[in-house]
Amino acid sequence: MSNMSTPILKLDGVSTNYQTLRGWVRATENVSFEIARGEAMGLVGESGCGKTTIALSILKILPPGAKIRKGKILFDGADIVPFSDSKMRKEIRWKGISIIFQGAMNAMNPVFKVGDQIIEAIRLHEPDVSKEEALKRTEALLEMVGVEPSRVSNYPHEFSGGMRQRALIAMALACNPKLLIADEPGTALDVIVQAQVLQLMRDLKEKLGLSMMMISHDLSIVAEVCEKLAIMYAGNVAEYGDVESVFKEPLHPYTQGLIKAFPTIKGERQKLVSIPGQPPDLLNPPTGCKFHPRCPYAMDICKKENPQLKKQGPGEHYVACHLY
Ligand code: SF4
């Protein structure tokens, strides 16, 4: 049974693997974190670190050949890993957890009016809702995301990039989900429009008490909206905690490198200092800590033992590194 103190989402040791011709790829390994009600968590890391696999695992929409091999995904207190596809469709997707995919700017069907696409989404998941009622809800949703309700009858090409992103947020909220997952929100937009979209996400979180998981390669974007951060490297959570602690005192050498790459939360983005080396091949990952070939502090033990996430300091701050 869930209650208000039950996290809306809790991952407990989730390992998702992909089967390829060359063998199993461990896309995520033993991933654990939780998101409280009304809280936003940023999942950050380079591309291929497993962050999108986490989102696909949570919604159980993994591609063929991919499998959650271990662990629990507790949504509102219930483990959804054993849920059938039809149970996921009826109870979880859209109504419980909704997602805005990366590159969603082109996700709207160009031949249908924006309003009709949102109405369709509502009626598909709530068949009892009449067309009139769905239209009213669509207009209210558009207004909530800052789009003039009269634009319901426009086609996607009549919307600017920013408006399309807003309409997609409205669509994701069509069935009142408890958790919204946004994969690289607004990355295709210019900086000013992106800032407006992030402001909208902050407002919605406040207004609706929405819980969010925001996926990005850019720490400064998630820090604008999220209270908590999980930093992923090569399928593992390297560091996890409150945004202030992780920013003020990054403990993992990888997080330290990421912060140097995106040094300010609010100000101008400085010259990008990249972390030397490449993320590892997950088919054949390095032994021990997967970051050791790139880590300036690597010790002997780092090549042998994969460090586990351990609590550091008095606040909510965890790190997986042998330095601690
Ligand atoms: Fe670097 Fe070792 Fe820490 Fe890995 S465990 S990040 S190699 S110091």
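**From residue T16 outward through the predicted model**

Leaving aside its neighbours within four places in sequence, T16 is in contact with V25, R26, A27, T28, T53, S57, L62, K67, I68 and R69. This holds for a predicted model, as does everything that follows. T16 belongs to strand β1. Its relative accessible area is 0%, and T16 is therefore classed as buried. One of its interactions is a polar contact, in which the side chain of T16 meets the side chain of S57 at 2.9 Å.

The strand that carries T16 can now be placed among its partners. Strand β1 covers residues 9-20 and runs antiparallel to strand β2, residues 23-35, with 9 bridges joining the two. Together β1 and β2 make a hairpin, and 2 residues lie between them. T20 has G23 of β2 as its bridge partner. Strand β1 also pairs with strand β4, residues 66-75, again in the antiparallel sense, here over 8 bridges. Two pairs of residues mark this second pairing: S15 stands opposite K70 in β4, and L9 has F75 of β4 as its bridge partner.

These pairings belong to an open sheet of 4 strands, arranged in the order β2-β1-β4-β5 with antiparallel pairing. Strands β2 and β5 (78-79) form the edges of this sheet, each of them pairing on one side only.

Strand β2 also takes part in a link to a distant part of the sequence. How far apart are the closest N and O atoms in the salt bridge between K290 and E29? The separation of these atoms is 2.6 Å. E29 lies in strand β2 and K290 in the loop between α9 and α10 (300-304), so this salt bridge ties together parts that are 261 residues apart in sequence. Both K290 and E29 are buried. The pair is also part of a network of salt bridges that links R26, E29 and K290. R26 has already appeared among the residues in contact with T16.

A second salt bridge joins the side chains of K228 and E39, with an N to O distance of 3.2 Å. Because K228 lies in strand β9 and E39 in the loop between β2 and β3, the pair ties together parts that are 189 residues apart in sequence. K228 is buried at a relative accessible area of 6%, and E39 also counts as buried, at 14% relative accessibility.

The salt bridge between K87 and E91 offers another setting, with the closest N and O atoms 3.4 Å apart. Both residues are in helix α2 (residues 85-92), where their spacing of 4 residues separates them by about one helical turn. Are K87 and E91 buried or partly exposed? K87 counts as partly exposed, at 30% relative accessibility, and E91 is likewise partly exposed, with a relative accessible area of 43%. In total, the structure holds 14 salt bridges.

Attention now turns to helix α9, residues 253-261. This helix is mostly covered, since 7 of its 9 residues are buried, each with under 20% relative accessible area. Which residues of α9 are buried? They are P253, Y254, T255, G257, L258, I259 and A261. These buried residues pack against two helices and three strands, namely α7 (219-225), α8 (243-248), β3 (40-44), β9 (228-233) and β10 (236-242). Strand β9 is also the element that holds K228, the partner of E39 described above.

The last stop is the ligand. Of the 13 residues around it, the nearest are C289, C295, C302, C321 and H322. What is the make-up of the shell around the ligand in terms of nonpolar, polar and charged residues? The shell divides into 10 nonpolar and 3 polar residues, with no charged residue.

Note on methods
Residues are numbered from 1 along each chain as its sequence is written. This is a predicted model: local features need pLDDT of at least 70, side-chain atom pairs count only at pLDDT 80 or more; totals for chains, interfaces and linings use all residues. Side-chain values use heavy atoms; hydrogens and water are left out. Two strands pair if DSSP finds at least two bridges between them. Buried means under 20% relative accessible area, exposed over 50%, partly exposed in between (1.4 Å probe, protein chains only). Contact means heavy atoms within 4.5 Å. A residue is near a molecule or strand if one of its heavy atoms lies within 4 Å of it. Ala, Val, Leu, Ile, Met, Phe, Trp, Tyr, Cys and Pro count as nonpolar, Asp, Glu, Lys and Arg as charged, and the others, Gly among them, as polar. A salt bridge is a side-chain nitrogen of Lys or Arg within 4 Å of a carboxyl oxygen of Asp or Glu. A polar contact is a pair of N or O atoms within 3.5 Å; within protein, one must be able to donate a hydrogen and the other to accept it, and residues adjacent in sequence count only if both atoms are side-chain atoms.
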